[in-house]
Amino acid sequence: MTTSKSALDVRVSSSAVEKYQVPPRQNWLIELENFLPKSVVNNLLDVALSINFEPEGKIRYSFGSTESIPDRLCRLISRSIRKVVNETWPDGFSFGASGNDSIFVKEDSFFIRYYPGSATPPVHMDVSEHEQLGQQIANCIIYMSGPPELQGGSTLLGTAPCVLKLTDYLDDGKQKQTQYPIKVSPGIGKLLIWRSYDDHGILNPLAMHTSEAVKSGVKYAMCVKIRRRNARST
């Protein structure tokens with residue numbers, strides 16, 4: 001087969017390649033103080049203090065199962081997260097019997113614990129896939145400890161090596177330079193949610209994250225996943 005032009009004859013102007021633009025923060029990140037009342041946080045903390053964390057010791061961060069959280073608390077957490085997500089991104093998620101998005105607090109969440117001197121996790125993105133539950137498309141953190149007892153332990157977003165200094169946009173459209181990573185400090189009852197994909201299914205590089213080291217106190221938090229069934233077809 002012959003063509004009128006060879007590949008070497010085709011020239012693509014550099015202007016045809018669009019520069020990556022940082023999505024507005026409200027499109028992918030939620031930071032909500034006092035998401036849960038202190039009484040509910042204390043109930044969660046009681047559960048966390050009653051279970052075994054793996055690995056044991058204080059050398060590195062460790063994980064604990066959420067399977068012993070009472071059902072009423074699981075329903076409260078799931079319902080409350082869904083409400084916040086639907087109010088913030090009404091067209092981005094579809095929960096309920098007719099939707100593809102789900103939150104499984106008891107079966108698909110975990111506690112995490114950091115001591116002073118504990119190693120911090122490597123930079124990573126939470127996009128795990130579960131055969132029955134679906135693809136993880138967003139991550140939620142509920143902080144169960146905070147200042148003044150806890151110092152340090154902030155969540156750091158936008159930690160990918162390529163995300164060093166990108167163009168952000170103010171509400172009036174003017175450009176500003178934002179230094180990454182984005183630092184989110186813990187607070188008792190605080191909720192942090194970030195999306196790993198946009199509405200078109202494109203990975204969000206700002207979802208690459210890790211944690212700052214704990215300086216004093218103990219950091220307790222619960223990680224809750226938002227999953228989507230048939231995510232690859234959307």
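This report describes the overall fold, the aromatic rings, the cysteines and a few backbone details of one protein chain.

**Overall picture**

The model is predicted, and the chain averages a pLDDT of 86, with 82% of the residues scoring at least 70. Over residues 7–12, however, pLDDT stays under 50, and the model shows zero contacts there beyond four places in sequence. Where pLDDT is low, the predicted coordinates should not be read in detail.

The chain contains three helices and 15 strands, and 46% of its 234 residues count as buried. Among the contacts with a separation of 6 or more, 83% join residues that are 24 or more positions apart. The surface that the chain exposes comes to about 13100 Å², of which carbon and sulfur atoms supply 52%.

**Aromatic rings and charges**

A pair of aromatic rings is described by the distance of the centres and the angle of the planes. The count comes to six aromatic pairs in this model. One of them joins Tyr61 and Phe63 edge-to-face, with 5.6 Å from centre to centre and 90° between the planes. Tyr61 counts as buried because its relative accessibility is 8%, whereas Phe63, at 34% relative accessibility, counts as partly exposed. Ring pairs also link these two residues with Phe110 and Tyr114, so that Tyr61, Phe63, Phe110 and Tyr114 make up a cluster.

Tyr114 has a charged neighbour as well, for the charged end of Lys219 sits over the ring of Tyr114. A similar arrangement is found at Trp89, where the charged end of Arg195 sits over the ring. The table gives both distances.

| Charged residue | Ring | Distance from the ring centre |
|---|---|---|
| Arg195 | Trp89 | 5.1 Å |
| Lys219 | Tyr114 | 4.7 Å |

**Cysteines**

A disulfide is a covalent bond between the sulfur atoms of two cysteines. The count of disulfides in this model comes to zero. Cys223 is in no disulfide, and the nearest cysteine sulfur, which belongs to Cys140, is 9.2 Å away. Since the cut-off for a disulfide is a sulfur pair within 2.5 Å, the distance of 9.2 Å explains why Cys223 is left unpaired. Cys223 counts as buried at 8% relative accessibility, and Cys74 counts as buried at 9%.

**A loop residue with distant partners**

Thr159 lies in the loop between β8 (155–157) and β9 (165–169). Is Thr159 buried or exposed? Its relative accessibility is 17%, and therefore Thr159 counts as buried, the cut-off for this being under 20%. Leaving aside residues up to four places away in sequence, Thr159 touches Val123, Pro181, Met208, His209 and Thr210. Of these partners, His209 is 50 residues from Thr159 in sequence, yet the two C-alpha atoms are 5.4 Å apart in space.

**Backbone details**

Most residues other than glycine have a negative phi, and most peptide bonds are trans. Against this background, a few places in the chain deserve attention. A cis peptide bond joins Glu54 and Pro55, with omega about -5°, and Pro55 has its place in the loop between α1 (38–49) and β2 (62–65). Another cis peptide bond, with omega about 5°, joins Pro147 and Pro148, and Pro148 lies in the loop between β6 (134–143) and β7 (151–152).

Asn34 is not a glycine, although it has a positive phi of about 55°. Asn34 lies in the loop between β1 (29–32) and α1, and it is exposed, with a relative accessible area of 63%.

Technical notes. Residues numbered from 1 in each chain as written. Predicted model: local features only at pLDDT ≥ 70, side-chain atom pairs only at ≥ 80, totals over all residues. Heavy atoms only, no water. Helix = DSSP H or I, 4+ residues; strand = E, 2+ residues; numbered from the N terminus. Buried < 20%, exposed > 50% of the residue type's maximum accessible area, 1.4 Å probe, protein only. Contact = heavy atoms within 4.5 Å. Areas by Shrake-Rupley, 256 points an atom, 1.4 Å probe, with all protein chains shown as cover. Phe/Tyr/Trp six-rings, centres within 6.5 Å; stacked < 30°, edge-to-face > 60°. Lys NZ or Arg CZ within 6 Å of the ring centre and 35° of its normal. pLDDT = per-residue confidence, 0-100.
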